[in-house]
Amino acid sequence: MNEFLKGSSFKVLVIAVVVLLGLLIYTASAGGSLIASLLGFVSSPMQSVATEITGNVTEFLDIDGLTKGELKELVGSLQEENSALLDRLVEYDSVLRENQQLKTQLHISQEAPEIEMRSASVIGRDPNDVFYGFSINAGTLAGISTGDPVITSRGLVGIVVQASATTSKVNCLLSEDVEVSAISIDKQEVGVVRGNVTMASSGLLRLGFLSSETKLEPGDIITTSGVGGVYPPKLKIGQVQSIEKSETDVSRYAVLKPFEDLSEVREVQVITSFPGQGEDENVVELDPGQDNQEDAE
Amino acid sequence: MKDLNRLIRYLAYTLELLVLFMVQETPGLLPAVAGVRPVLLLPAAVAIAMFEEEVPALAFGIVAGLLCDFGFSRVLGFHALVLGALCFFVSLLVRTRMQANLVTAALNGAWALALTLGAQWLFFYYFRYSQPGFAFRSHYLPKYLYTLLFIPLLYLLNRGLSGALDPAEK
């Protein structure tokens with residue numbers, strides 16, 4: 001034992017441990033963006049190529065192909081949904097026309113909001129991430145910064161939590177670290193969307209802080225409210241699947257099914273700028289202990 | 001010749017770790033079982049450690065750990081520290097107490113993976129998020145078992161590499 005402790009290899013181990021502890025403390029406090037950027041420069045092109053090849057092979061082999069029965073079922077449900085949407089479109093058109101007429105009469109003009117976006121591909125999904133976070137092939141050089149919302153055509157998928165030069169890390173909406181102020185477009189009820197590990201494992205979200213008399217019902221569409229200035233308003237999040245009673249108090253929460261399959265996203269858009277960004281950042285403040293206590297129970 | 005063989009072997013290990021990093025990170029490449037995918041760098045580092053002396057084993061453990069850190073978290077150094085130290089002791093164990101074969105590879109892989117993923121659960125999940133028990137059962141345990149399956153494959157691969165590029169030393 002003494003021989004081992006006096007040996008050169010043990011000294012190397014001690015030096016390595018001290019250096020790595022220093023690196024750990026440095027990156028934990030300073031963010032380690034320089035080191036991450038350097039590693040990103042090396043790994044990003046290789047990851048992009050690997051992802052591209054995998055995508056092409058999957059497409060070629062048609063692994064995700066559906067059976068005839070599944071396709072029939074899908075077409076049936078889509079036709080039903082289409083019919084319901086057409087009914088709503090007729091109603092929407094008449095409301096829109098009326099709205100425009102009223103605006104003209106009242107001389108109200110509105111500038112189109114300007115949202116700036118950057119396209120990116122998902123190049124990495126780490127198996128160690130419980131909440132399905134991912135890396136994208138665009139970083140600060142493409143104008144992306146920490147806190148930028150990440151979306152697809154189907155809705156909100158997450159937020160950038162670390163931006164290095166050529167890559168960025170995105171926390172998925174399923175993560176407990178992500179909180180989104182949300183609103184029901186039909187009932188105008190507000191709440192906070194937050195994930196937890198139980199729901200994340202089923203690909204679902206929790207819309208909390210609803211009153212006990214909530215009028216939300218399955219099928220209602222939930223979007224971002226824009227409160228807090230972190231996310232632009234009216235980004236689709238998901239559809240109410242069920243309303244449940246909170247485990248700890250009289251409030252209720254809604255179980256949401258996101259419009260996007262958050263664990264399988266491949267192409268995304270990063271919103272780099274939007275009107276109202278960064279305003280009222282302290283409006284939505286949650287007591288993290290409250291939710292944790294709730295979940296633990 | 002001896003040094004050249006060693007250099008080529010180290011390059012091969014580095015390349016192996018890089019390729020495994022790509023494979024484990026690329027979305028859709030490895031199928032998810034029970035919602036989890038394996039962490040290939042962990043068994044690879046342990047397998048390399050079984051055929052190398054303590055200091056090279058430590059170095060490759062650190063490289064594998066840094067790649068894990070880069071892919072996973074915003075904090076670099078955690079996996080490098082854990083894997084580096086584990087690989088050092090795996091190498092020491094194999095050189096002083098046990099032989100390098102498939103059974104010892106499975107044993108070393110089992111305890112080293114359990115320690116690494118256990119530390120990951122403790123430091124990255126338990127103190128930060130809710131329902132740690134559920135996360136352990138639904139994510140960490142399946143991931144541990146799924147990753148264990150790759151130990152024999154990576155052991156055989158590294159035994160081949162070590163055997164082919166180490167004749168002068170033997």
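In this predicted model, buried residues account for 36% of the 297 residues in chain A. Its secondary structure adds up to six helices and twelve strands. As for how the chain folds back on itself, take the contacts in chain A between residues at least 6 apart in sequence: 62% of them join residues at least 24 apart. The domain assignment splits chain A into domain 1 (32-64 + 115-285) and domain 2 (66-110). Going by their C-alpha centres, domain 1 of chain A and domain 2 of chain A sit 25 Å apart.

Next come the strands of chain A. Six of them make a closed barrel, in the order β1-β2-β5-β4-β3-β12 (chain A), and the pairing is antiparallel. From one strand to the next, the twist averages 45°. Working through part of that order, strand β2 (residues 134-136) of chain A pairs with β5(A) in the antiparallel sense, over three bridges. Here Ile136(A) has Ser168(A) as its bridge partner in β5(A). On to the pairing of β4(A) with β5(A), which is also antiparallel and runs over five bridges; Val160(A) has Val170(A) of β5(A) as its bridge partner. These two strands, β4(A) and β5(A), form a hairpin, with four residues between them. Strand β4 (residues 155-163) of chain A is in turn joined by four bridges to strand β3 (residues 149-152) of chain A, and the two run antiparallel. In that pairing, Pro149(A) stands opposite Ile159(A) in β4(A).

Strand β5 of chain A deserves a second look. Five of the five residues of this strand (residues 168-172) are buried, so β5 of chain A is largely enclosed by the rest of the structure. The cover extends to both faces of β5(A): Ser168(A), Val170(A) and Cys172(A) are buried on one side, and Lys169(A) and Asn171(A) are buried on the other. Two of these residues have already turned up as bridge partners, Ser168(A) for Ile136(A) and Val170(A) for Val160(A).

Then there is the contact between the chains. It draws 40 residues from chain B and 42 residues from chain A. On the side of chain B that touches chain A, the elements giving two or more residues are α1 (2-25), α3 (54-72), α4 (78-96), α5 (102-126) and α6 (132-148) of chain B. The biggest giver to that side is α3(B), with eight residues. Sorted by class, the side of chain B that touches chain A holds 23 nonpolar, twelve polar and five charged residues.

The largest nonpolar core has 105 residues, and those touching the most other members are Leu41(B), Ala44(B), Ala45(B), Phe60(B), Ala64(B) and Cys87(B). Helix α3(B) gives the most to this core too, with twelve residues. What does Phe60(B) touch, leaving aside residues up to four places away in sequence? The list runs to Tyr13(B), Ala45(B), Ile48(B), Ala49(B), Glu52(B) and Cys87(B). Two of those contacts, Ala45(B) and Cys87(B), are also named among the core residues that touch the most other members.

Finally, a glycine in chain B. Gly118(B) is found in helix α5 of chain B. Is Gly118(B) buried or partly exposed? It counts as partly exposed, because it has 15 C-beta neighbours inside 10 Å, whereas being buried would take 20 or more. Gly118(B) and Pro56(B) are 62 residues apart in sequence, and their C-alpha atoms are 25 Å apart in space.

Key. Residues numbered from 1 in each chain as written. Chains lettered and ligands numbered in written order. Predicted model: local features only at pLDDT ≥ 70, side-chain atom pairs only at ≥ 80, totals over all residues. Contact = placed C-beta atoms within 7 Å. Nonpolar A, V, L, I, M, F, W, Y, C, P; charged D, E, K, R; others polar. Domains from an automatic or database assignment. Pairing = 2+ DSSP bridges. Axes fitted to C-alpha atoms, helices over the stretch in contact; angles between N-to-C directions. Core = buried A, V, L, I, M, F, W, Y, C linked by C-beta atoms within 7 Å. Buried ≥ 20, exposed ≤ 12 C-beta atoms within 10 Å, placed from the backbone.
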